Amino acid sequence: MLKLTNYSVSPVLENLNIEFDVGRTYIIMGSNGIGKSTLLHSIMGRPDLEVSGDVELNGENINEFEVDERAKAGMFIGFQSPTSIPGLSNFQFLKQALNTKGTEIRETLEKFKGLSQSLGLPEGWDKRNLNTDASGGEKKKNELIQMQMLNTSLAMLDEPDSGLDVDGIKALSKQLNEWRTADNTLIVVTHYEKLIESLNPDAIIVLKKDHVVGGGKELAQKIFAEGFDSV
Amino acid sequence: MYKNLYSERLVDSQTGVASYFKLEDLADYISSSDFIALAEQSGYQKKVPGVHNHFVDNLMYLREVGIPNNKHEQFNFSNLNKLKQLDILAKQSQYDPVEALERFEWVAHQEQSIVINDSVILTSMDLGSKKPFGVQILDNIKFNKQKQDEYIKIIEPTEDFRNLTYALTPFTNVIIFPTGSKERYYNKPLNIYYENSTQDPILEANTTIVDVQYNTKVKINETVKAQAGQMNYVTYIVREDAELVIDRNTVDCGGWGIFDSRFVCHPGSKVTINFNNEGSKYSQENFYFKCSSHVDINVKGRNNILAGNEYHQYVLVKSQNDNNKSVIDIKNVGREKANTSFIGKFDVSPYSIGFNGEMNNNNLMLTKDTKMHTRPILDIHTKEIECSHGCTISNINNEHMYYLQSRGFDKDSAKDILVESFLC
């Protein structure tokens with residue numbers, strides 16, 4: 001699905017080799033400032049990051065792909081602090097991203113409303129400005145709606161639990177578990193034990209500056225008990 | 001314009017490039033002793049001595065002050081050099097009123113619509129039927145000499161382009177919304193089109209007075225299309241407890257234009273202006289408000305200035321008495337090589353206690369070769385007021401671009417969305 005070879009992002013990450021298989025769920029952990037968010041954004045093609053090495057998506061080298069081309073190929077990044085754009089409504093934004101026209105608009109709106117309701121977002125969320133005057137938790141939920149509606153096959157979520165209350169975490173786990181299929185790959189940066197438990201990941205990846213440590217759920221448990229230096 | 005200049009002397013005086021002149025030549029000519037003498041002999045003005053004397057006084061004042069330069073506060077950032085370099089065709093085919101009527105014949109079949117072209121007013125048929133309490137149009141001096149004499153005095157001598165516009169238009173048209181019309185023209189707005197009669201680089205000018213009478217509520221949809229040169233000077237009189245809403249849409253049609261709007265706001269009146277402008281070869285849009293007391297002014301502009309265009313703006317709110325309120329909210333987007341400027345001024349007199357003013361001008365530069373200026377001026381002469389301003393110039397936010405691209409928008413679409421949301 002996604003393969004990183006000799007992958008470096010200056011100045012934080014050096015010479016990483018990681019392969020993410022289709023239909024699997026991965027948790028990325030690592031100490032503060034090690035480059036977890038940078039890794040996800042570099043994979044998405046963020047233009048201000050200096051990257052070397054190769055990125056392959058479904059066997060195709062996407063090094064030269066622009067951000068939007070990566071998105072159209074099924075990649076999605078959930079931002080840790082989603083950007084606010086006043087003057088653009090949540091639904092208008094999605095409608096344009098999906099290029100929805102004519103009779104499809106009603107169908108798309110219904111799906112949007114269904115998802116926002118299931119995540120506990122307030123009535124009229126579709127008309128609210130994109131991530132403007134919203135709480136941190138509401139923004140995160142909005143990212144989840146986008147992820148599910150934008151034909152995503154590889155979702156990379158950067159601390160999706162931050163800002164969410166207890167009910168929000170439950171709704172997040174439920175949505176992610178429902179979204180996961182044999183065709184969808186999920187990469188989540190998180191340090192939240194309960195979320196890791198509920199997602200039941202296929203692998204835990206601990207990011208170090210110039211290598212990664214991989215393992216099962218027990219790796220996460222060890223980190224929670226003894227810290228990052230123990231692995 | 002040419003039909004109003006009484007003489008072909010201007011054309012005769014040209015040497016070399018015989019058929020073109022510049023704005024300064026024109027101003028020099030119409031403020032010259034020769035022209036003033038011609039104007040004094042003119043039969044048009046003599047019919048109403050008050051109008052005639054006022055017009056000649058203005059010509060003399062124009063001779064004294066000339067056309068504006070960048071030292072004038074409101075033109076500090078205006079690209080007047082470019083304006084002065086524009087060619088104006090001196091000689092066009094003989095003005096034929098029948099031809100003009102045919103050109104704007106379409107307006108006759110519209111509803112509640114007026115075309116204003118080079119001081120001529122053409123109306124839709126429903127406005128011509130003179131319904132009770134309907135809009136009244138004083139088409140220059142033909143109909144009501146006494147009223148013309150009374151109205152013309154409201155046009156005061158200035159040091160900006162209004163002098164020149166007035167000098168080019170000895171016919172001043174008056175549009176009156178009588179008190180009896182109540183909300184008729186609010187529920188069904190009046191449409192006014194400012195258009196040129198040709199795409200030849202001529203200059204056409206209009207001086208108009210719009211009188212919204214006591215306790216009347218009016219909405220006007222204005223469409224401004226400058227296919228050639230166009231200078232408009234409109235004085236809106238908004239009388240006691242009247243309300244005027246203007247939606248103005250200015251489209252770039254390849255010409256250039258100066259639009260001066262002056263508002264004389266009587267106590268308890270309310271004015272709301274929503275406008276958008278694409279800029280043009282040269283575009284200057286000015287609003288001058290003179291507020292008595294308890295006046296409410298709202299100015300909202302959303303200008304998407306197209307590549308290579310000029311757009312310069314001056315907004316002056318002069319608060320003369322107590323409890324006036326004004327909100328100015330103008331956003332400009334400048335595309336490649338566009339040149340824009342905004343100067344906003346609150347001029348609050350010592351008697352203007354309780355003034356509440358908010359001035360915002362936000363500018364978005366889409367490229368590095370765009371020029372944008374903004375200057376807020378608060379000239380306050382009393383203590384008991386509330387006044388604020390926020391003027392910004394920024395580039396496209398890279399974070400926003402990345403966010404939109406990460407949702408599948410290509411660069412151009414992402415830029416368009418950001419412009420749209422900025423102007424929202």
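**Where Chain B Meets Chain A**

Visitor: How many salt bridges are there between chain B and chain A?
Guide: The count between chain B and chain A is three salt bridges (a side-chain nitrogen of Lys or Arg within 4 Å of a carboxyl oxygen of Asp or Glu). The model is predicted: local features need pLDDT of at least 70, side-chain atom pairs 80 or more, while totals for chains, interfaces and linings use all residues. Residues are numbered from 1 along each chain as written, chains are lettered from A and ligands numbered from 1 in written order, and side-chain values use heavy atoms, without hydrogens or water.

Visitor: And which side chain meets Lys411(B) in a salt bridge?
Guide: The side chain of Glu66(A) meets Lys411(B), with 3.9 Å from N to O.

Visitor: Which helices of chain B supply at least two residues each to the side that touches chain A?
Guide: Both α12 (398-405) and α13 (411-422) of chain B do so; helices are DSSP runs (H or I, at least four residues). The largest share of that side of chain B, six residues, comes from α12(B).

Visitor: How many residues does each chain bring to the contact, then?
Guide: Chain B brings 17 residues and chain A brings 29 residues, where contact means heavy atoms within 4.5 Å.

Visitor: New topic: how much area do chain B and chain A bury between them?
Guide: The two chains bury about 1,900 Å² (accessible area, 1.4 Å probe, lost on being put together, summed over both). Carbon and sulfur atoms account for 61% of that buried area.

Visitor: Which three residues supply the most of chain B's part?
Guide: Tyr402(B), Tyr403(B) and Arg407(B) supply 41% of the area that chain B buries against chain A, more than any other three residues.
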